[in-house]
Amino acid sequence: MKLEDLLKKCPKCGCKDKTVNRDIEPVHKAHATTKNIKCSECGYVFESAENEKKK
């Protein structure tokens with residue numbers, strides 16, 4: 001997701017706050033993969049790992 005996409009409002013509720021959920025690798029604690037990016041207010045999913053696999 002690009003920086004300008006992170007700054008956009010949620011299409012459902014208009015909130016600008018987003019939550020990034022990540023899976024931290026158990027062996028290398030500094031490495032993580034993004035599970036999804038969603039709106040903090042309503043839970044609208046902007047981007048998910050499942051969507052990236054389909055591309």
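A residue is called partly exposed when its relative accessible area lies between the limit for buried residues, under 20%, and the limit for exposed ones, over 50%. In this predicted model, Tyr44 has a relative accessibility of 31% and therefore counts as partly exposed.

A pair of aromatic rings is described by the distance of the centres and the angle of the planes. A search of the whole structure yields 1 aromatic pair. This pair is formed by Tyr44 and Phe46, whose ring centres are 5.1 Å apart and whose planes meet at 85°, so the arrangement is edge-to-face. The ring of Phe46 also has a charged group over it, since the charged end of Lys18 lies 4.9 Å from the centre of that ring.

The cysteines were examined next. A disulfide is a covalent bond between the sulfur atoms of two cysteines, and the structure contains 0 of them. For Cys39, the closest cysteine sulfur belongs to Cys13 and is 3.6 Å away, which is too far for a bond, because a disulfide requires the two sulfur atoms to be within 2.5 Å. Cys42 is likewise in no disulfide, the nearest cysteine sulfur being that of Cys10, at 3.7 Å. With regard to accessibility, Cys39 is buried, at a relative accessible area of 3%, whereas Cys42, at 34%, counts as partly exposed.

On the surface, a nonpolar patch is made up of Leu3, Leu6 and Leu7, which together have about 300 Å² of accessible area. Within this patch, Leu3 is exposed, with a relative accessible area of 59%, and Leu3 belongs to helix H1, which covers residues 3-6.

Technical notes. Residues are numbered from 1 along each chain as its sequence is written. This is a predicted model: local features need pLDDT of at least 70, side-chain atom pairs count only at pLDDT 80 or more; totals for chains, interfaces and linings use all residues. Side-chain values use heavy atoms; hydrogens and water are left out. Rings of Phe, Tyr and Trp (its six-membered ring) pair if their centres lie within 6.5 Å; planes under 30 degrees apart count as stacked, over 60 as edge-to-face and the rest as tilted. Buried means under 20% relative accessible area, exposed over 50%, partly exposed in between (1.4 Å probe, protein chains only). A charge sits over a ring if NZ of Lys or CZ of Arg is within 6 Å of the ring centre and within 35 degrees of the ring normal. Patches are made of residues with over 30% relative accessible area and no salt bridge: like charges are joined within 9 Å, nonpolar side chains (Val, Leu, Ile, Met, Phe, Trp, Tyr) within 5 Å. Accessible areas come from the Shrake-Rupley method with a 1.4 Å probe; for residues, only the protein chains shown count as cover. A salt bridge is a side-chain nitrogen of Lys or Arg within 4 Å of a carboxyl oxygen of Asp or Glu. Helices (H or I, at least four residues) and strands (E, at least two) are DSSP runs, numbered from the N terminus.
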